[in-house]
Amino acid sequence: MHHHFSKIEDLINDKQSIEALKDIDEHKDLSGNHILWAYRALRRLQLFYAIPASDMSAGRINESIIGDRMDACECCVMAKYCLEGNDMYGVLDWAVEAYQKWEIDGRPECVNPNILNYYIISSSIYTGFNFMSLLNPSGSNYQDCTEKFVRYYHLIRNELFELEKERVMDVLEMYYYLERRQVENDFRYLCKHGVSRTLTKYLKCRYQTNNLFYRILMPFKEEDINSEPFIKLYHDVLYDDEILKIKTISLVNMKDAEVRKKGFDSALEERTRSGQVNWITASDAVKYFYALNTRIESFTGFSTKTAELYQIVNYGLGGHYLPHNDPFLKGTENPMFGNRLVTVLFYLTDVPNDGYTVFPRKNIVAPTEKGAALVWHNLHMSNGEINYETLHGSCPLLKGNKWIMTKWIYEEGQHLPYNWKNK
Ligand SMILES: O=C(O)CCC(=O)C(=O)O
Ligand SMILES: [Fe+2]
C-alpha cells in the first residue's frame with residue numbers, strides 16, 4: 001500500500017502529469033456551444049475594438065501585449081468558424097493569418113494548405129477582391145497565388161475593414177437601425193477610450209451619513225457621477241469576505257445568461273448578452289445578506305422589501321451586455337411591485353482596462369472598482385415614466401473575469417409623489 005502511495009506521489013509530482021491535469025481542468029466545462037461561443041467572443045472582440053487578426057493572434061491590442069499568441073492551427077480554426085457563420089471578411093482575415101503562421105511555424109500538419117487556399121480564394125471572391133487577376137495564366141499553382149495574395153491582402157486590409165461595416169438592410173429597418181447604430185458607435189467609442197473623470201462644479205464627492213446616527217462612525221463615500229439621470233457611486237460598500245461568500249455560493253450554480261425579449265420568452269442570445277448568471281436564493285439571502293439589505297437601504301434611501309433577489313453575473317473573455325434599459329416596458333411590469341425604479345450594481349472585481357459600465361446617451365464610463373456600488377434611477381421620480389437616458393451596457397471583456405451583482409429596487413413601498421398603480 002505504502003509503495004503505491006509513493007508511486008502515485010511521483011506521478012502527481014511529474015511535470016507531464018501536472019500539465020495533463022491542467023489540460024483536463026481547463027477544458028472540463030467546455031461543451032460544444034461554449035467552444036462556438038468562445039470563437040464568437042473572439043470575433044466579436046475583433047470587430048468591436050477593430051483588432052486585425054494579425055494583432056489578435058499576437059495577443060496585442062493598442063500596441064501592448066495582453067494575451068497569448070495563437071498558432072497557425074488556432075487561426076485556421078477561426079477561419080473555419082467564420083466560414084460556418086458566413087462571415088467572409090473573417091474567413092479572409094484569419095485564413096491569411098493562418099497561412100503566414102503556417103509558414104513561420106514550419107508548416108504544422110494540423111493545417112491543410114488546400115483547405116486554406118480554398119478559404120482564401122472563396123472569401124476573396126466574395127469580398128470583391130479580384131483574386132483571379134493574380135493568377136498567372138502560364139500555369140502557376142495555388143501555392144504561389146496564395147503567397148501573392150497574402151502580400152496584396154496586407155495592402156488592402158484597411159479598406160476591407162471599412163467595407164465590412166457597411167451592410168445591406170431593409171429600408172423599413174433603417175430609422176431604428178440608424179438610431180441604434182449611433183448608440184452603438186458611442187458605446188464602442190466609450191468602451192475603447194475608457195474612464196475619464198470630468199470634474200465639474202456640480203459633481204462632487206463627500207462622506208455621507210444620510211442622517212443615520214451610527215454612520216457618523218463610518219460614513220459612505222459617495223461620488224456624484226451624473227445629476228439627470230441620477231447616477232452615484234458608493235465606494236467600499238461591499239466587503240472582501242462578502243464578495244468571497246457571494247462568489248463561492250454562485251460558482252456552482254452559474255447558468256448562461258438570458259435576455260427578455262418583447263413578445264418572446266427569455267432567450268439565450270449571446271449576441272446581446274454573454275455571461276453566466278446566478279440568482280441568490282431567498283434562503284441564502286436571509287442567511288448571508290440581511291446586513292447588506294440594510295446597508296443598501298442606508299445609502300440609497302429606498303426600501304428593499306419589494307426588491308428582486310440578488311443577481312450575480314460573471315463575464316469571461318468577450319463577455320458583454322449591449323446597451324439596454326433595465327425597466328420593463330409598459331404592460332410587462334411586475335403586477336405586485338411595479339417597475340425597476342433603481343438599479344444597484346455592485347462590482348465584485350476591479351475593472352481595470354475594459355469591461356466598463358457605459359451610459360452611451362450620457363457619454364459616461366463609470367469610474368468604478370471592487371467593492372463599489374453604482375446606483376442610478378431608471379424611472380423619472382416625478383411620474384414613474386422610464387428615463388431612456390439611463391441606457392447602459394457592459395463593454396466586451398478583453399481579458400480576465402468581471403463579476404458583478406445587481407439588486408433592482410421596485411416602486412411599491414417607496415415614498416413617491418405618484419401612485420404607480422394609476423400610471
Ligand atoms: O455589467 C455591467 O456593467 C452592467 C450590467 C447590467 O446592465 C445588467 O445586468 O442589467
Ligand atoms: Fe442593465
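1. In this predicted model, strand S9 and strand S16 (residues 402-410) pair in the antiparallel sense, and five bridges hold the pairing. Within that pairing, Ile312 of S9 stands opposite Met405 in S16.

2. Strand S9 also has a partner in strand S8 (residues 276-279), to which S9 is joined by four bridges, and these two strands likewise run antiparallel. Here Asn278 is the residue that stands opposite Ile312 in S9.

3. As to accessibility, S9 (residues 311-315) is mostly covered, since five of its five residues count as buried. The burial extends to both faces of the strand, with Gln311, Val313 and Tyr315 buried on one side and Ile312 and Asn314 buried on the other.

4. Turning to helix H10 (residues 240-251), its geometry can be checked against the expected rise: at 1.5 Å a residue, its twelve residues should span 16 Å, and because the end C-alpha atoms are 16 Å apart, the model agrees with that expectation.

5. The buried residues in H10 are Glu242, Ile243, Ile246, Ile249 and Ser250. They cover an arc of only 135° around the axis, which means that they lie on the same side of H10. This fits the general pattern that an α-helix has 3.6 residues a turn, so residues three or four places apart point the same way.

6. The face of H10 turned away from its buried side carries exposed residues, namely Asp240, Asp241, Leu244, Thr248 and Leu251. On the buried side, the elements that cover the buried residues of H10 include S8, S9 and S16, together with helix H11 (282-300) and strand S11 (340-347).

Definitions and conventions:
Residues numbered from 1 in each chain as written. Chains lettered and ligands numbered in written order. Predicted model: local features only at pLDDT ≥ 70, side-chain atom pairs only at ≥ 80, totals over all residues. Heavy atoms only, no water. Buried < 20%, exposed > 50% of the residue type's maximum accessible area, 1.4 Å probe, protein only. Pairing = 2+ DSSP bridges. Expected span 1.5 Å × (residues − 1). Arc of directions from axis to C-beta. Contact = heavy atoms within 4.5 Å.
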